[in-house]
Amino acid sequence: MGRFRANAEGVVPDALLRLNPDVERDVADAILAPIDVPEDSPAGPAAERFPRSARREAALFALGAPPAPRTKIAVLGERFVQSIGVSLPIMAAARHLTATAQAEVRLIDVMEYHSVEAVLAEPRPDEVVLINSLRPFWVKPWLPDLVTALRGRGRTPFVYAHETRAVVEREHAAFRSAHRAMLEALEGCAVLCVSESQARMFAEMGAPTTRVVYNTSPGIVPAAITPRRRGERAQVVMVGSVQARKGADWFSRVADLAAERRLPLDFVWVGGGTPDIYQSPAVAWKGHLPRRSAEAIVRASDVFLLSSVDDPMPLSALEAIAAGVRIVAYTGVGSDEVLAGVRGYASYDRHDPEEMLAAVEAVLTQEVDAAEYQAIVDTFSVEAFSERLLAVVAADAAAASGARDAARPAGGGPVPVRDVARALRAERLDEARILTRQVVRAHPHEATLRSLATAWLGVGEREYALALLRTAYLVSDNEDEFRAAVDVTFAKYGVSMRHVDRWSMRNATRRAWRRVRPYAPGSRG
């Protein structure tokens with residue numbers, strides 16, 4: 001589709017369209033499939049209330065049932081191209097969730113924006129914000145400011161990370177200041193991970209909240225997995241870009257060793273890439289191929305040799321599992337988490353041609369465990385991934401909705417500070433306290449709290465105003481600016497930072513920290 005901005009629908013048309021090979025059978029299966037109606041569904045009572053002949057009344061009754069609320073998600077990312085692995089999982093989920101009406105998903109290309117203000121105007125108040133990949137943080141240095149702004153509005157952004165440790169280290173070296181800002185921003189985000197090992201990596205980097213949702217691909221389609229009959233020669237395949245991280249040189253060395261020993265093995269690599277990496281003549285280098293052509297080569301292969309040095313959860317290996325192909329992988333990649341102990345899988349502990357070739361020969365003596373393979377495919381299918389993704393973000397959306405509802409009076413709409421001031425002028429103090437709590441829940445920001453404190457000081461409620469100012473002090477981003485603002489703005493009420501400091505929780509915490517700091521591990525006298 002090329003470049004695009006978020007349109008009225010917020011989706012790329014071809015991102016939500018995918019035709020299966022056998023459309024006629026899909027339609028027939030959908031028509032003939034039995035429908036289970038839950039007892040508590042709207043259709044249940046309607047069927048009991050109206051006889052079969054009263055279809056008109058039943059149809060009208062069904063329309064009276066309130067529609068279930070749908071989660072709304074705004075996905076911010078760098079391009080959305082179906083041929084790029086980083087885009088595949090989220091676009092597959094967008095297709096599924098939109099097609100099944102479980103959620104409304106908008107895809108927003110941050111590369112088309114040049115300021116945080118422009119992007120901040122895109123997500124709607126009722127949308128959960130999900131940033132796809134870490135790369136936008138490195139190429140758009142203002143993206144951490146977007147996270148800060150969203151957090152200031154009481155919203156927790158999600159970051160769906162695909163990056164490996166090697167990629168993170170490489171980008172750290174290339175974008176040092178942007179990387180530091182990204183790490184700080186991740187402290188205010190929930191990081192969605194593709195594997196347990198990746199979640200541990202982000203925890204080491206300081207991310208306080210991680211959730212493992214795994215990933216998916218349109219090529220991971222649940223289907224019957226049947227035993228494969230091996231021919232006189234076995235085909236060993238790898239799919240991925242030709243680069244060091246994918247282990248293209250190691251794949252070449254394994255092929256050389258097999259050729260040297262005249263083993264009946266044919267090695268094939270699907271994917272293009274770096275020409276300066278050693279490419280063995282014993283490997284058939286296919287370059288970039290259309291998806292269907294690549295899938296056909298994988299299905300025709302006997303072993304998928306995942307030669308990657310660093311890969312959190314490679315989609316190509318999952319697609320090979322869906323095709324029923326034996327897998328060989330390094331124990332340090334995410335695939336080993338789900339395949340260890342499964343018949344039809346062999347692993348190697350280090351990248352060594354002898355060890356890798358031995359694993360290939362060993363796995364060729366096994367038939368895949370069809371039931372275990374099917375369970376993995378079901379776990380990583382588009383439907384299952386979409387369920388996990390929706391479960392995580394829907395919980396946050398419900399919490400945010402609850403907070404918004406708590407901040408609305410009975411008449412609807414957010415409570416402005418002027419409503420608090422009006423109640424105070426009318427000496428309705430109990431009502432003013434309730435409205436103040438609603439404002440603080442909805443807008444826990446320094447400026448809002450200072451405005452509320454001013455309103456309460458205006459009617460002589462000094463202690464209540466000081467409590468608000470102490471809370472504002474706790475959430476302030478710049479202490480010096482806050483202190484200056486208090487001393488200037490509240491001087492006419494006889495309030496200064498001395499009064500705020502006196503009983504400030506922050507001040508008490510600092511005093512306690514100074515007291516124990518000499519004994520803290522790793523502290524300097």
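Biologist: Is glutamate 204 buried or exposed?
Modeller: This is a predicted model, and the answer comes from the relative accessibility computed on it. Exposed means over 50% relative accessible area. Glutamate 204 has 60% relative accessibility, so it counts as exposed.

Biologist: Which residue forms a salt bridge with glutamate 204?
Modeller: The closest N and O atoms of the pair are 3.4 Å apart, and a salt bridge needs such atoms within 4 Å. The partner of glutamate 204 is arginine 165.

Biologist: How many residues apart in sequence are the parts that this pair ties together?
Modeller: Arginine 165 lies in helix H8, residues 165-174, whereas glutamate 204 lies in helix H10. The pair therefore ties together parts whose separation in sequence is 39 residues.

Biologist: What does arginine 165 count as, by its relative accessibility?
Modeller: Values between 20% and 50% are called partly exposed. Arginine 165 has 38% relative accessibility, so it counts as partly exposed.

Biologist: How many salt bridges does a search of the whole structure find?
Modeller: One of them joins the side chains of arginine 106 and glutamate 122, at 3.9 Å from N to O. Arginine 106 sits in strand E2, residues 103-109, and glutamate 122 in the loop between H5 and E3, so this pair ties together parts 16 residues apart in sequence. For the whole structure, the search gives a total of 15.

Biologist: Are arginine 106 and glutamate 122 buried or exposed?
Modeller: The cut-off for buried is under 20% relative accessible area. Arginine 106 falls in that class, and for glutamate 122 the result is likewise buried.

Biologist: Which residue is linked with Arg106 and Glu122 in a network of salt bridges?
Modeller: Arg106 and Glu122 meet in a salt bridge. They also belong to a network of salt bridges, and the other residue named in it is Glu127.

Biologist: Where in the chain is arginine 261, which meets glutamate 354 in a salt bridge?
Modeller: The side chains of the two residues meet at 2.6 Å, N to O. The pair links distant parts of the chain, 93 residues apart, with glutamate 354 in helix H15 (residues 353-363). Arginine 261 is in the loop between helix H11 (248-260) and strand E8 (265-270).

Biologist: What is the relative accessible area of glutamate 354?
Modeller: Its partner arginine 261 counts as partly exposed because its relative accessibility is 38%. Glutamate 354 is partly exposed too, with a relative accessible area of 40%.

Biologist: Why do the buried residues of H7 line one face of the helix?
Modeller: The buried residues of H7, which spans residues 143-152, are Leu143, Pro144, Leu146, Val147 and Leu150. Seen down the axis of H7, they fall within an arc, so they line one face. In an α-helix there are 3.6 residues a turn, so residues three or four places apart point the same way. The arc that holds the buried residues of H7 is 155 degrees.

Biologist: Which helices and strands do the buried residues of H7 pack against?
Modeller: Packing here rests on contacts, with heavy atoms within 4.5 Å. The elements that meet this are strand E1 (71-77), helix H5 (116-120), strand E3 (127-132), helix H6 (135-139) and helix H9 (176-186).

Biologist: Which strands pair with E1 in the parallel sense?
Modeller: Six of the seven residues of E1 are buried, so the strand is largely enclosed by the rest of the structure. One partner pairs over seven bridges, and glycine 77 has aspartate 109 as its bridge partner there. The other pairs over five bridges, and isoleucine 73 has valine 128 as its bridge partner there. The two strands are E2 and E3.

Biologist: Which backbone nitrogen lies 3.2 Å from a polar side-chain atom of serine 195?
Modeller: Serine 195 is in the loop between strand E5 (190-193) and helix H10 (196-204). At 0% relative accessibility, this serine counts as buried. The nitrogen in question belongs to glutamine 198.

Biologist: How many residues of helix H13 are buried?
Modeller: H13 covers residues 315-322 and is mostly covered. Among its buried residues are Leu315, Glu319 and Ile321. The count is eight of eight.

Key
Residues numbered from 1 in each chain as written. Predicted model: local features only at pLDDT ≥ 70, side-chain atom pairs only at ≥ 80, totals over all residues. Heavy atoms only, no water. Buried < 20%, exposed > 50% of the residue type's maximum accessible area, 1.4 Å probe, protein only. Helix = DSSP H or I, 4+ residues; strand = E, 2+ residues; numbered from the N terminus. Arc of directions from axis to C-beta. Polar contact = N/O pair within 3.5 Å; in protein donor to acceptor, adjacent residues only side chain to side chain. Pairing = 2+ DSSP bridges.
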